[in-house]
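Please explain how this structure is put together, with the cut-offs behind each term. I would like running text that I can follow beside the coordinates.

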Amino acid sequence: MSLNPALLAVRLLLELTAIASFGVYGWRVFESPWRFILVVALPIVAAALWGTFAVPGDPSRSGAAPVAVAGPVRLAVEVGVLFGGAALLWAAGLPRWALVSGAALVVYHLLAYDRITWLLTREKSA
């Protein structure tokens, strides 16, 4: 189910929303000059984590893993970035957006249960 093109498109939107949420947090919570730095730096760090740590052969990605990790580690990265984005929206004073984001993430993960199962059973290799 998680490889369904529609669900992959939803996942992409959730990823982009989460990464943007890091920038929103940096802008709304910090004062100048930090806000100008963090609005760029926080999303870059989140995107770097997202793109760097991967399970080799992940069918939802290119299959390449810049830094190969076990499935549970990748799941922790995904939960940290995706739900972290929702938590940061809450911390930035946007509780409605945080709840909408969190609810969408829960629905996505319920529909993509096969991906979670796949990640939980993958060992680090190559």
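Is E78 buried or exposed? E78 is buried, because its relative accessible area is 4%. Buried means under 20% relative accessible area, exposed means over 50%, and partly exposed is in between, with a 1.4 Å probe and protein chains only. This is a predicted model, in which local features need pLDDT of at least 70 and side-chain atom pairs count only at pLDDT 80 or more, while totals for chains, interfaces and linings use all residues. Residues are numbered from 1 along each chain as its sequence is written, and side-chain values use heavy atoms, with hydrogens and water left out.

E78 is a good place to begin with the charged contacts. Side chains of opposite charge can pair when their charged atoms come close. A salt bridge here is a side-chain nitrogen of Lys or Arg within 4 Å of a carboxyl oxygen of Asp or Glu, and by this rule the count comes to 4. One of them pairs E78 with R115, with 2.4 Å between the closest N and O atoms. E78 belongs to helix α3 and R115 to helix α5, so this pair ties together parts that are 37 residues apart in sequence. Helices (H or I, at least four residues) and strands (E, at least two) are DSSP runs, numbered from the N terminus. R115 is also buried, with a relative accessible area of 7%.

E78 has a salt bridge to R74 as well, where the closest N and O atoms are 2.9 Å apart. Both residues lie in helix α3, 4 residues apart, about one turn of the helix. R74, like E78, is buried. In helix α1, R11 forms a salt bridge with E15, and the closest N and O atoms are 2.9 Å apart. About one helical turn separates R11 from E15, because they are 4 residues apart in helix α1. Both R11 and E15 are buried.

What lies around E78 besides its charged partners? Rolling a probe the size of a water molecule over the atoms shows where empty space is left. A search of the whole structure finds 1 cavity of 30 Å³ or more. On a 1 Å grid over the protein atoms alone, a cavity is a set of points where a 1.4 Å probe fits but cannot get out, and lining residues have an atom within 4 Å of a point. Grid points are joined across faces, edges and corners, and the volume is the space filled by probe spheres set on the points. The largest cavity holds about 30 Å³ of space. Its lining consists of L75, E78, Y108, H109, A112, R115 and I116. The elements that give two or more residues to this lining are α3 (71–91), α4 (95–111) and α5 (113–120). By class the lining has 4 nonpolar, 1 polar and 2 charged residues. In this scheme Ala, Val, Leu, Ile, Met, Phe, Trp, Tyr, Cys and Pro count as nonpolar, Asp, Glu, Lys and Arg as charged, and the others, Gly among them, as polar.

The next stop is the surface of helix α1. L13 lies in this helix, which covers residues 5–29, and L13 is exposed because its relative accessible area is 55%. L12, L13 and L16 make a nonpolar surface patch of about 300 Å². Such a patch is made of residues with over 30% relative accessible area and no salt bridge, with nonpolar side chains (Val, Leu, Ile, Met, Phe, Trp, Tyr) joined within 5 Å and like charges within 9 Å. The areas come from the Shrake-Rupley method with a 1.4 Å probe.

Further along the chain, P33 sits in the loop between α1 and α2. The peptide bond from S32 to P33 is cis, with omega near 0°. I37 is in helix α2 (residues 34–52) and is partly exposed, at 46% relative accessibility.

The strands come next. F53 is in strand β1 (residues 53–54) and is partly exposed, with a relative accessible area of 27%. Its C-alpha atom is 6.7 Å from that of A65, which is 12 residues away along the chain. V55 is in the loop between β1 and β2 (67–68) and is buried, at 1% relative accessible area. The C-alpha atoms of V55 and V69 are separated by 5.4 Å, with their positions 14 residues apart along the chain.

Terms used
1 Å grid on protein atoms, 1.4 Å probe; cavity = no way out; pocket = protein on both sides within 12 Å on 5 of 7 lines; lining within 4 Å.
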